[in-house]
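The following exercises are to be worked with the sequence and the coordinates at hand. Each task is followed by a solution in steps.

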Amino acid sequence: MRVRAVGWWFVGLLLAALLAAFLLMPREPQVQRFENLPWQIEVLGAGRTQVLGIVLGETTLADLAGRLPVPDIRLFVEPDGTRSVEAYFSNARIPPFEANLVMVLGLDEPALERIWEQRTSERPMPSGARRYGLSDAALVELGRVPVAELSYIPRARWDGDLTRERFGDPVSRMRVDDDQDYWLYPDSGLAIMVPARRGRMLMHYATLDRWERVLERLEQAGQRRLDDAPADAS
C-alpha cells in the first residue's frame, strides 16, 4: 500500500510539473484585428461606396441609430444659393478610432425644397453661408434619406507620412491655400485635406457619381480664399 501511495504521489507531482510548464510556456501575442478602418474603401458601384461600415448611397441616418451618437442636423445655404443638409456626429467611436463625422444627405431639389419649407432658427456663418434648424417632421423625413458624402475628422493626429502609408500616394493634389492641400483619390471617391502645418486631417468620401461635384466645391473654396486674401502692398 505504501508503494502504491508513493506511486500516486509521484504521478501527481509529475502532472503538476507538466501543468506548470504549460502555463509558463511563451505564447503568441493575440493581435486584435479591426474592420471598417478609414483606408478600407470598397466601391460597390457608381452610386454606392462602403467605408467605415457605412454604405454611401444606401445607409440612412435611421440605420445608424444606436451605432453612433445622436447627430446635430442642419440645413446650410451657401452664398451662391446652394443648399445642403448635413448631420454632425461629435466624438463618434468606430473602433479603434474616435472621430467627428459630418454626413451630407443625398437629397434632390424637390426634397430640399420640402425641407426648406420646414426650416426654423437661422444663424449666419463666418463663411457667408447661413445655417438653419429644422422641424421635428423634417428630421423624421431626413432619417430615411441615404448618406451620400462623409467627412471623417480623426481625433488622433495624422501626418503626411502616416497618410501615405495607409492610403498610398494620391493620384493628384490640389492646393487650396498656403495651409492646406487636398490629396485626391478619384478611383475611391476620396479627398484628404492635409494641413501644411498645424491642424487636423480631414478625409472626405463620396460616391463616384458625386466626385465631380466634390472637386468643383474644392476649387470654389480655394478661389474664395484667394479672393478674400489681402492684396500685396506694393
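**Exercise 1: A run of paired strands**

In this predicted model, G45 stands opposite R48 in β2. Determine how β1 and β2 are joined, and which strand pairs with β2 over three bridges in the antiparallel sense.

*Solution.*
Step 1. Strand β1 comprises residues 42-45, runs antiparallel to β2 and is joined to β2 by three bridges. The connection between β1 and β2 is a hairpin through two residues.
Step 2. Strand β3 (residues 54-56) pairs with β2 in the antiparallel sense, again over three bridges. Within this pair, T49 stands opposite L56 in β3.
Step 3. The hairpin of β2 and β3 has two residues between the strands, and L52 takes a positive phi there, near 55 degrees.

**Exercise 2: The two faces of β2**

Which side chains of β2 (residues 48-51) are buried, and which are not?

*Solution.*
Step 1. In a regular strand, side chains alternate between the two faces of the sheet.
Step 2. In β2, T49 and V51 point to one face, whereas R48 and Q50 point to the other.
Step 3. Applying the cut-off of under 20% relative accessible area, T49 and V51 are buried, and R48 and Q50 are not.

**Exercise 3: An enclosed strand**

Explain why strand β13 (residues 202-206) is described as largely enclosed by the rest of the structure.

*Solution.*
Step 1. Five of the five residues of β13 are buried, so the strand is largely enclosed.
Step 2. Both faces are covered: L202, H204 and A206 are buried on one side, and M203 and Y205 on the other.
Step 3. Strand β9 (residues 147-154) pairs with β13 in the antiparallel sense over four bridges, and S151 stands opposite H204.
Step 4. Strand β12 (residues 190-195) also forms an antiparallel pair with β13 over four bridges; here I192 stands opposite M203.

**Exercise 4: Helix α2 and its surroundings**

Identify the buried residues of helix α2 (residues 109-116) and what covers them.

*Solution.*
Step 1. The buried residues are A111, L112, I115 and W116. They lie on the same side of α2 because they cover an arc of only 140 degrees around the axis.
Step 2. Their cover includes β4 (72-77), β5 (83-94), β7 (119-124), β8 (130-134) and α3 (136-142).
Step 3. At the N-terminal end of α2, D108 acts as a cap, with a side-chain oxygen 2.9 Å from the backbone nitrogen of A111.

**Exercise 5: The ends of α4**

Which residue caps the N-terminal end of helix α4 (residues 160-167), and which residue follows α4?

*Solution.*
Step 1. The cap is D159, which has a side-chain oxygen 3.2 Å from the backbone nitrogen of D161.
Step 2. After α4 comes G168, whose phi is positive, near 85 degrees.

Terms used: Residues numbered from 1 in each chain as written. Predicted model: local features only at pLDDT ≥ 70, side-chain atom pairs only at ≥ 80, totals over all residues. Heavy atoms only, no water. Polar contact = N/O pair within 3.5 Å; in protein donor to acceptor, adjacent residues only side chain to side chain. Buried < 20%, exposed > 50% of the residue type's maximum accessible area, 1.4 Å probe, protein only. Arc of directions from axis to C-beta. Contact = heavy atoms within 4.5 Å. Pairing = 2+ DSSP bridges.
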